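This briefing sets out the computed features of one chain for use alongside its sequence and coordinates. Please read the points below with the structure open.

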Amino acid sequence: MSTDASNEVRLVAETAASRASRTAAAEAGPPPAEEPREPLSPSGRRKGLSERNRPLWMLIPGGALMIIIIVVPLLLGIYMSTLNLDQYTLRKWISSPFIGVENFVEAVGTSPLLHSVWLSVSYSLIAMVVTLPLGIAAAVATQNAFKGRAVVRSIFLIPYVLPAFVVATVWRTMFQPNGIVDKVLGAVGIDTGLWLNGPQTFWTLVLVQIWASWPFIYLLALSGLQAVDHEVHEASALDGALWWNKLRYVIFPYLKGPLSLAFLIGMLHHINNFTLPFVLFGVPAPSDVEVLPILTYVTSFQSFRFGLSAAMAFISLVLIAIPLFVYLRAVKLDDAETPGGKK
């Protein structure tokens, strides 16, 4: 009898213990789900984010738009450059006579294309060499807070926010014979000639381009100055660095990237600038300012040599792509050499 009683007591105790454990488990909630593991690649390493399958169909809208806007016109232009396409064959241009590379040979050999390329590159380079120190000086002058800084910054941006045709129209009016420029320079005893025709037209274009483009350098230089750490300024001040040493060893290294980008974009913009010389000098423009876009326009819409102008446009595209490729390659190499860059 005592054995049966002890067994019954033990059975009751085990039942109570099992009920208590189930109650505690229910109050604690379900066990946390195990995080899914990334599948292993054939080499035994887990696949990274860059190797996972992505919904590539999401690229279709942007890819289709790029093909329609960029690829198709580019292919049509290349095809037109191989045709003898002029005002006589324009109506049936698809069946125009195929002449191969004759347009390219004429563009490089007998047309003024090389002269226009030289003018475009030289005036762009002179404009950038002058605008770089102007933009840096303006950025350094307006970096620190002072009373009226917002007004000064707004005034500096006026040439940049004005449309190119407005800038060209205003300067064309000012450079007219007996205009405001002639009167101001004549008042101080400077004898002026024709600004919009003759040998001075090249420097007129350079001057107007400098006035219109230096705020772009100013903006990028100012953005680079804003990235300079305040601790660097404090350290240079504690070391007693002079202002020139501070600019050379503290500020200029931070401006290397923004100014390189500004120089490249500015050069490409000046070489491709059509509106400013077109409105400023009209067409046909003087030979000293017949830059590459003006020459292409005159060849196409005044001489009606559409095949030749397409060849000129393609050659200019190649010339522009070369410095762009060099810059992108240099940036890629620079990123690879940084500690966080990919080797």
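In this predicted model, Leu113, Ser116, Val117 and Ser120 of helix H4 touch Leu292, Pro293 and Leu295 of helix H13. The residues of this contact comprise 5 nonpolar, 2 polar and no charged. The axes of H4 and H13 come within 8 Å and cross at roughly 145 degrees.

**Overall architecture**

- The chain contains 14 helices and 0 strands, so that its pattern along the sequence reads α-α-α-α-α-α-α-α-α-α-α-α-α-α.
- Of the 343 residues in the chain, 31% are buried.
- The exposed surface of the chain amounts to about 22500 Å², and carbon and sulfur atoms supply 68% of that area.
- When contacts between residues at least 6 apart in sequence are considered, 67% of them join residues at least 24 apart.

**Nonpolar cores**

- In soluble globular proteins, nonpolar side chains tend to be buried together.
- The largest nonpolar core has 24 residues, and those touching the most other members are Phe175, Leu205, Val208, Leu280 and Phe281.
- Two or more residues of this core come from each of helix H4 (113-141), helix H7 (164-174), helix H9 (201-226), helix H12 (275-281) and H13.
- H9 gives the largest share of this core, with 6 residues.
- Another core, of 22 residues, lies apart from the largest one and includes Met128, Tyr218, Ile251 and Ile271.
- Beyond residues up to four places away in sequence, Phe175 touches Val181, Trp195, Leu196, Thr204, Leu207 and Val208.

**A buried histidine**

- His270 belongs to helix H11 (residues 243-271).
- His270 counts as buried because its relative accessibility is 1%, where the cut-off for a buried residue is under 20%.
- With residues up to four places away in sequence set aside, the contacts of His270 are Tyr123, Ser124, Ala127, Met128, Gln209 and Ser213.
- Met128, one of the residues touched by His270, is also among the members of the 22-residue core.

**Salt bridge**

- The structure holds 1 salt bridge, in which the side chains of Arg305 and Glu106 meet at 3.0 Å, N to O.
- This pair links distant parts of the chain, with its two residues 199 residues apart: Arg305 is in the loop between helix H13 (292-301) and helix H14 (306-337), and Glu106 is in helix H3 (residues 102-109).
- Arg305 is partly exposed because its relative accessibility is 26%, and Glu106 is likewise partly exposed, with a relative accessible area of 26%.

**Backbone geometry in the loops**

- Most residues other than glycine have a negative phi, and most peptide bonds are trans.
- Asn178 shows a positive phi near 65 degrees and is a residue other than glycine.
- Asn178 is placed in the loop between H7 and helix H8 (180-187), and its relative accessible area of 65% makes Asn178 exposed.
- Phe304, also not a glycine, has a positive phi of about 60 degrees.
- Phe304 lies in the loop between H13 and H14 and is partly exposed, with a relative accessible area of 36%.
- The peptide bond from Val283 to Pro284 is cis, its omega being near 0 degrees, and Pro284 sits in the loop between H12 and H13.

**The loop around Pro97**

- Pro97 is found in the loop between helix H2 (60-80) and H3.
- With a relative accessibility of 41%, Pro97 counts as partly exposed.
- The C-alpha atoms of Pro97 and Leu85 are separated by 7.7 Å, although the two residues are 12 residues apart along the chain.
- Apart from neighbours within four places in sequence, Pro97 is in contact with Thr82, Leu83, Asn84 and Thr89.

Notes: Residues are numbered from 1 along each chain as its sequence is written. This is a predicted model: local features need pLDDT of at least 70, side-chain atom pairs count only at pLDDT 80 or more; totals for chains, interfaces and linings use all residues. Side-chain values use heavy atoms; hydrogens and water are left out. Helices (H or I, at least four residues) and strands (E, at least two) are DSSP runs, numbered from the N terminus. Buried means under 20% relative accessible area, exposed over 50%, partly exposed in between (1.4 Å probe, protein chains only). Contact means heavy atoms within 4.5 Å. Accessible areas come from the Shrake-Rupley method with a 1.4 Å probe; for residues, only the protein chains shown count as cover. A salt bridge is a side-chain nitrogen of Lys or Arg within 4 Å of a carboxyl oxygen of Asp or Glu. A nonpolar core is a set of buried Ala, Val, Leu, Ile, Met, Phe, Trp, Tyr and Cys residues joined through side-chain atoms within 4.5 Å. Axes are lines fitted to C-alpha atoms, for helices over the stretch in contact, and angles run from 0 to 180 degrees between N-to-C directions. Ala, Val, Leu, Ile, Met, Phe, Trp, Tyr, Cys and Pro count as nonpolar, Asp, Glu, Lys and Arg as charged, and the others, Gly among them, as polar.
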